[in-house]
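Look over the sequence and the fold before reading on. The report below goes from overall shape to core to loops.

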Amino acid sequence: MTFKQKIHTHYLQLVQDRIDIFKDMITALTEDSKNDAKGSAGDKHETALSMMHLEQEKLNHKLKEVLGQKAILDKIDSSSSAKTIIVGSLVKANGIYLYLSAALPKIAVDGINVIALSPQSPLGSKLMGNQEGFTFEINGSKYIIQSIQ
């Protein structure tokens with residue numbers, strides 16, 4: 001398994017874990033609201049149900065966001081490589097590894113830190129379509145693309 005494939009697999013697992021957590025939390029809230037409905041009545045009951053419903057909406061929104069990230073990752077062929085930077089490219093610039101996919105947390109694979117970023121982010125949009133040797137500046141810092149996988 002290549003370094004890029006390890007990174008891709010790690011991010012897929014991270015996103016799947018988040019999906020599972022959100023689904024479990026939504027299920028637990030649904031169960032709680034069913035159980036609460038059986039034994040209570042009045043204003044406190046209505047407030048509790050309303051709070052549970054709001055929390056469930058928040059979780060559903062977060063779940064939808066994470067499912068979108070998974071959909072992006074699912075479309076990436078981690079075994080392919082291109083000469084120009086595209087979605088799914090692993091770019092090394094100034095010794096920093098950047099994985100163009102979706103905005104996800106920084107991870108460490110084989111002791112090397114990797115930052116996943118969206119192609120729509122300021123840095124991602126600067127990188128898209130460029131090749132090794134391309135130089136650019138962001139926030140006063142100059143970067144050079146060292147390699148693309």
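What radius of gyration does the protein chain have, and what would a compact globule of 149 residues have?

## Overall shape

This is a predicted model. The protein chain has a radius of gyration of 21 Å, while a compact globule of 149 residues would be near 15 Å. Along the principal axes, the C-alpha atoms fill a box of roughly 70 × 35 × 25 Å.

Burial covers 34% of the 149 residues. The exposed surface of the protein chain is about 8,900 Å², with 54% of it supplied by carbon and sulfur atoms. There are 17 positive and 16 negative charges, and their mean positions lie 9 Å apart.

## Fold

Three helices and six strands make up the secondary structure. Their order along the sequence is α-α-β-β-β-β-α-β-β.

Contacts often span the sequence. Taking contacts with a separation of 6 or more, 59% join residues 24 or more positions apart.

## Cores

The largest nonpolar core holds 23 residues. Ile7, Tyr11, Tyr99 and Val114 have the most contacts inside it. Two helices and three strands each give two or more residues to this core: H1 (3–39), H2 (43–75), E2 (96–100), E3 (104–109) and E4 (112–117). H1 gives the most, with eight residues. Apart from this core lies another, of 10 residues. Ile85, Leu117, Phe136 and Ile148 are among them.

Tyr11 deserves a closer look. Neighbours within four places in sequence are left aside here. Tyr11 then contacts Leu73, Tyr99, Leu104, Pro105, Lys106, Ile107, Val114, Ile115 and Ala116. Two of these partners, Tyr99 and Val114, are also listed with Tyr11 among the residues with the most contacts inside the largest core.

## Loops with positive phi

Which residue in the loop between E3 and E4 has a positive phi although it is not a glycine? Asp110 does, with a phi of about 55 degrees. The loop between E3 and E4 is where Asp110 is found. Asp110 is exposed, because its relative accessible area is 53% and the cut-off for exposed is over 50%.

Asn139 is another non-glycine residue with a positive phi, near 50 degrees. Its loop joins strand E5 (135–138) and strand E6 (141–148). Is Asn139 buried or exposed? Asn139 counts as exposed, at 78% relative accessibility.

Technical notes:
Residues numbered from 1 in each chain as written. Predicted model: local features only at pLDDT ≥ 70, side-chain atom pairs only at ≥ 80, totals over all residues. Heavy atoms only, no water. Core = buried A, V, L, I, M, F, W, Y, C linked by side-chain atoms within 4.5 Å. Buried < 20%, exposed > 50% of the residue type's maximum accessible area, 1.4 Å probe, protein only. Helix = DSSP H or I, 4+ residues; strand = E, 2+ residues; numbered from the N terminus. Contact = heavy atoms within 4.5 Å. Rg over C-alpha atoms; globule rule 2.2 N^0.38 Å. Areas by Shrake-Rupley, 256 points an atom, 1.4 Å probe, with all protein chains shown as cover. Lys, Arg positive; Asp, Glu negative; His and termini not counted. Charge placed at Lys NZ, Arg CZ, Asp CG, Glu CD.
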